[in-house]
Amino acid sequence: MKRTAVSLQLRLVFQLLAIAALLAVVLYLTVRTVADQAAEATQDGVLGAATLAISERLQGGDDGVSVDLPYEAFSILGSISADRVFYRIDAGAATLTGYDDLPLPEVADIALRPVFYTRDYRGAEVRIAAVSRTVLVARRPVAVTVLVAQTRQGKEAIAQGVAQRAAALGLGFFALAALLSLLAAKSSLRPINRLAEAVERRGPQDLRFVDHPTPVELRPLISALNGFIARLRAGLSRTETFIAEAAHHIRTPLAVVRARAEIAMRQSPSEEAREEIRALIRAVEESSRTAGQLLAHATVVNRSDQLIEEPVDLTRLMRDLVATFQPTAELRDIALRLDLPEGEVTVRGDRPLLEAALRNLLDNAVKYSPEETLIEFQLTCADGHAEVIVADRGRGLSGQGQAQLAKRFVRGTNAGDVIGSGLGLTIVDEVATAHGGTFTLADREGGGTCARLSLPLS
Amino acid sequence: MRAAFPAPVLTLAVMALFLWCAAAAAFEVEEERLFPAPDGGGREVSILSTTDTSVLGPVVEAYQRRHPGIAVRYTVASSQEVFAAIADEGRSFDLVISSAMDLQMKLANDGLARAHRSARTDAVPPWARWQDNLYAFAQENVVLLISRKALGPLPLPQTRRDLIELLRENTALFRGRVGTYDPALSGAGYLFATQDSRQSDSFWRLAEVMGSLAPRFYTATNEMIDDIKTGKLVLAYNILGSYAGPRLAGDPDVAIVELQDYTLTLLRTAIIPATSKAPDLGGEFLDFLLGPEGKAAIRDEAGLPLIDAAALAAHPYLRPMRLDPGLLVFLDRLKRRDFLDEWNSALMRN
């Protein structure tokens, strides 16, 4: 199982959300704790005040301890919350008045300030304040303990209210953080997305260096990418150079072989030997052609990387080409009809490349046309495009697609004995692409092929 | 675990013994009446109340018109006996109605009341309730009754200061003809006297003046009203206006005075005791008291004033006794002893 990498944005959002959730929980707990403590402190304050108020009403005397319970102290206990109130006053070991089962404090020294503690009493949790005073009874000191207790429903209600608000606050905080984290993730990933789009938009042949404004964090990636592009360029260039060199080095010896073979054929008395030598010459011719086309293709690829654009007059180019091919065509009784509009038709482009493309088209037409036929070589202008049409009565495409034929080293299944490298149409296609034009190849009505090379006018 | 007497059994035995003892030392019932279910239904709600059957009986009947399947057992006792029945004897009732706010408060505070909430109880204003236990359904002013006939041309007192002056200057008229509650025996009287003592110092001066006039002490409002109608009393202090009003209606001889320095307002309250065997019925009756039909019956048939914040606002001299733990203070053993000592020294001088 291959681990698929999670989207950066998702990962970023999840991490930010996790942090936000954690912070929201911490916020909730903090608010709750603080509110709990505040509520308890409030209750303790009132309880302590009530306890002290009662202890101040303690009086000694000859008959024993008396206490005048202050009405307001109890009334005020009820004013904060409707909680149940209990009290107990002990003199010495005996309970003087109040609820004699109210739990006493565990600590002994409660003389100065009230102590507070929480116990279960009569089925409810109560908060108890206790304070101790010494009273003289018959001139002897008696320790009196005053306890005031209150149930904690009011405090719980306050804490619950605060908890609900804290929960709402936490949720709101989380929602806000979620929204902000989404925005933050989007904004911080924008440069990456922009870079990805810029690289994606490039054509297959575009090997320019990436020169896009990027954040510092992405610079290593850019320089790595550019290094990679540089290596790719160098590699391609080396390959093309190598092919061109190889083709050149093969062509020269092949020319020598051919010259020698022709001499040998002429001098040979035997018809059988001459036939063999003729076959040899044809094979040599085919190899030589292939080498030539390889050289041309390498040139095209090389040049289309750094296209030299100049105005090229297509009418002149086509006239020159027809002049070049005229002798070969006449040898086989093939008529070449040139059909040009008046005046110059200029496109911007690389003259050698355009010439190579048109040469290939014409060469194909002548090669595959039977004797005594007509090849139409036509130039038209329409919609800002110049279109060169080469129509013959040759063997047609035999059902193979143009895409197939434009591949390197692929020849038509009906090419038969005609010499060819399978590179010609590839070159035409690449030249068309490099100039922003199109190349189409179609069967012609009544037999033959119609090739169209369309180029934007300058 | 196989013990000869498992703890629960022992506990039950002790409890049974305790209950038997409690039943033996029964609280004193003044009146008990069963209102049978109009359509012969099987359930019964038992109400323990300080309010006479003659007053609240019509309200019970109104309740039965709404709930004809329920029988009502209505038991009347004094406020202290009512408290003792629940707090000391643990008797089972489904609703306890009492005018002794302090004792009701103590029942609720000590956890002897059962919480009850409904849409009806939620509508009770906060000052007329305590927690979810104690709900007031009537507010009654504590008034002064004076015989106009006996007073003759003397002006009616408007404040306690007026009253003290009146008593001091006409000792011959008032001697032996001033009546009030005996706080040692009457729960309501104790509540009124203690609340009076909180309100102002003039109360103790009034007590001393009354003490010098050989006052009569009562345990029930009705007896005081009877005696003032017959002329045995000239003045009755701290009477529940809600009782006096209907009985003295159309009697021009007796004036009902709400003193302008302050007039205490009592809240008649109800709780559902924790000992209730049918708390749902107790709650239902309580909801009825607080609902529109119950209110109408209380106002029109029982003649008790309803809980009404507007009435308090319109009469600023009215001082409703607050339902808060302060009410517990005078129930304290020492505080009660000290208060009654002081009362006796002020009023029982001769």
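Modeller: Two strands pair if DSSP finds at least two bridges between them. Keep that in mind for this predicted model.

Biologist: How do you know that β3 and β4 of chain A pair?

Modeller: Count the bridges. There are 4 of them between β3(A), residues 85–91, and β4(A), residues 94–98. The definition asks for at least two, so the two strands count as paired. They run antiparallel.

Biologist: Which residue stands opposite R88(A)?

Modeller: G98(A), in β4(A).

Biologist: How many residues lie between the strands of this hairpin?

Modeller: There are 2. G92(A) has a positive phi there, near 65°.

Biologist: What makes a positive phi worth a remark in other residues?

Modeller: Most residues other than glycine have a negative phi. R122(A) is not a glycine, yet its phi is near 50°. R122(A) sits in the loop between β5 (115–121) and β6 (124–137) of chain A.

Biologist: Why is R122(A) called partly exposed?

Modeller: Its relative accessibility is 37%. Buried means under 20% and exposed means over 50%. The value for R122(A) falls in between, so the residue counts as partly exposed.

Biologist: What makes R139(A) count as exposed?

Modeller: Set its 79% relative accessibility against the cut-off of over 50%. R139(A) passes, so it counts as exposed. It is found in the loop between β6 and β7 (140–151) of chain A. R139(A) also has a positive phi, about 65°, although it is not a glycine.

Biologist: Which residues of helix α9 of chain A are buried?

Modeller: Among them are L425(A), I427(A), V428(A) and V431(A). Each is called buried because its relative accessible area is under 20%. Just after α9(A) comes G436(A), with a positive phi of about 75°.

Biologist: Now the cavities. How many of 30 Å³ or more does a search of the whole structure find?

Modeller: It finds 3. The second largest holds about 50 Å³ of space. Its lining includes Y181(B), F192(B), M210(B) and W343(B). The elements giving two or more residues to that lining are β8 (178–181), α9 (187–199), α10 (202–211) and β10 (235–240) of chain B.

Biologist: Which element gives the most to that lining?

Modeller: α9(B), with 3 residues.

Biologist: How do the lining residues divide into nonpolar, polar and charged?

Modeller: There are 7 nonpolar, 3 polar and no charged residues. Phe and Trp count as nonpolar, so F192(B) and W343(B) belong in that group. Gly counts as polar, so G189(B) goes with the polar ones.

Terms used
Residues are numbered from 1 along each chain as its sequence is written. Chains are lettered from A and ligands numbered from 1 in the order in which they are written. This is a predicted model: local features need pLDDT of at least 70, side-chain atom pairs count only at pLDDT 80 or more; totals for chains, interfaces and linings use all residues. Side-chain values use heavy atoms; hydrogens and water are left out. On a 1 Å grid over the protein atoms alone, a cavity is a set of points where a 1.4 Å probe fits but cannot get out, and a pocket is an open set with protein on both sides within 12 Å along at least five of seven lines; lining residues have an atom within 4 Å of a point. Grid points are joined across faces, edges and corners, and a volume is the space filled by probe spheres set on the points. Buried means under 20% relative accessible area, exposed over 50%, partly exposed in between (1.4 Å probe, protein chains only).
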